[in-house]
Amino acid sequence: MKKTPLWRLLTLTFLLATTLWGAELPWRSDYARALAEAKKAGKNLMIFIEAKHCPYCEKMKQRVLRDPDVVRSVQEGFVPVRLLIDDPIVKREFPKTSVTPTIYFITPKKELLMDVVGYLNQEFFYWRLGAAEEEAERLERKR
């Protein structure tokens, strides 16, 4: 009987673990570059603001923002950006942010579509994501 090489077993284990534990959003950390990317791609931005030792931020990243359906939905319409609350950009661009996690859905022109303050489970996150997409469509029709 032929033995399976160790690298094949490790690869299979990694793929299975990734599938079971969820997908990963391709987070951007450079706000200016993300704005430019969103303009070029015709997408809006999802700005996730967190604190270093915030348990609800971690909970949301692990339980909600790694769900394969959430990842797919966000990637279809948004450029995801992750920033720390003490980043000077947050203080300049989102000065009212005082709670983490906070998520802002904005257009590439920096128009606010929707904000979400605090932890949301998957169901409520989808609801807010849909509301942000509807607001983006409403703004587009107004132009």
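**View 1. Helix α2 has an exposed side and a buried side.** In this predicted model, Ala 32, Arg 33 and Lys 40 of helix α2 are exposed, and they lie on the other side of the helix from its buried residues. Those buried residues, in a helix that spans residues 31–41, are Tyr 31, Ala 34, Leu 35 and Ala 38. Seen down the axis of α2, the buried residues fall within an arc of 105°, so they line one face of the helix. They pack against the strands β1 (44–50), β2 (78–84) and β3, and also against helix α5.

**View 2. The two ends of helix α2.** At the start of α2, a side-chain oxygen of Asp 30 reaches to within 3.1 Å of the backbone nitrogen of Ala 32. After the helix comes Gly 42, whose phi is positive, near 70°.

**View 3. Glu 50 is a buried residue in strand β1.** Glu 50 has a relative accessibility of 6%, and because buried means under 20%, Glu 50 counts as buried. The side chain of Glu 50 makes a polar contact with the side chain of Arg 82, at 2.8 Å. Leaving aside neighbours within four places in sequence, the residues in contact with Glu 50 include Cys 57, Lys 61, Leu 84 and Thr 100. Glu 50 and Pro 101 are 51 residues apart in sequence, yet their C-alpha atoms are 4.9 Å apart in space.

**View 4. A cis peptide bond precedes Pro 101.** Most peptide bonds are trans. The bond that joins Thr 100 and Pro 101, however, is cis, with an omega of about -5°. Pro 101 is found in the loop between helix α5 (88–93) and strand β3 (102–106).

**View 5. Lys 110 has a positive phi.** Most residues other than glycine have a negative phi. For Lys 110, which is not a glycine, phi is positive and near 70°. Lys 110 lies in the loop between β3 and β4 (112–117), and at 43% relative accessibility this lysine counts as partly exposed.

**View 6. Helices α4 and α6 pack together.** Helix α4 (residues 68–77) and helix α6 (residues 122–142) pack at an angle of about 10°, with their axes 11 Å apart, and that angle makes α4 roughly parallel to α6. On the α4 side, the contact is made by Asp 69, Val 70, Ser 73 and Val 74, while α6 contributes Phe 125, Tyr 126, Leu 129 and Glu 133. Sorted by class, this contact has five nonpolar, one polar and two charged residues.

How values were computed:
Residues are numbered from 1 along each chain as its sequence is written. This is a predicted model: local features need pLDDT of at least 70, side-chain atom pairs count only at pLDDT 80 or more; totals for chains, interfaces and linings use all residues. Side-chain values use heavy atoms; hydrogens and water are left out. Helices (H or I, at least four residues) and strands (E, at least two) are DSSP runs, numbered from the N terminus. Buried means under 20% relative accessible area, exposed over 50%, partly exposed in between (1.4 Å probe, protein chains only). Axes are lines fitted to C-alpha atoms, for helices over the stretch in contact, and angles run from 0 to 180 degrees between N-to-C directions. Angles under 35 degrees count as roughly parallel, over 145 as roughly antiparallel, 65 to 115 as roughly perpendicular and the rest as oblique. Contact means heavy atoms within 4.5 Å. Ala, Val, Leu, Ile, Met, Phe, Trp, Tyr, Cys and Pro count as nonpolar, Asp, Glu, Lys and Arg as charged, and the others, Gly among them, as polar. The arc is that of the directions from the helix axis to the C-beta atoms. A polar contact is a pair of N or O atoms within 3.5 Å; within protein, one must be able to donate a hydrogen and the other to accept it, and residues adjacent in sequence count only if both atoms are side-chain atoms.
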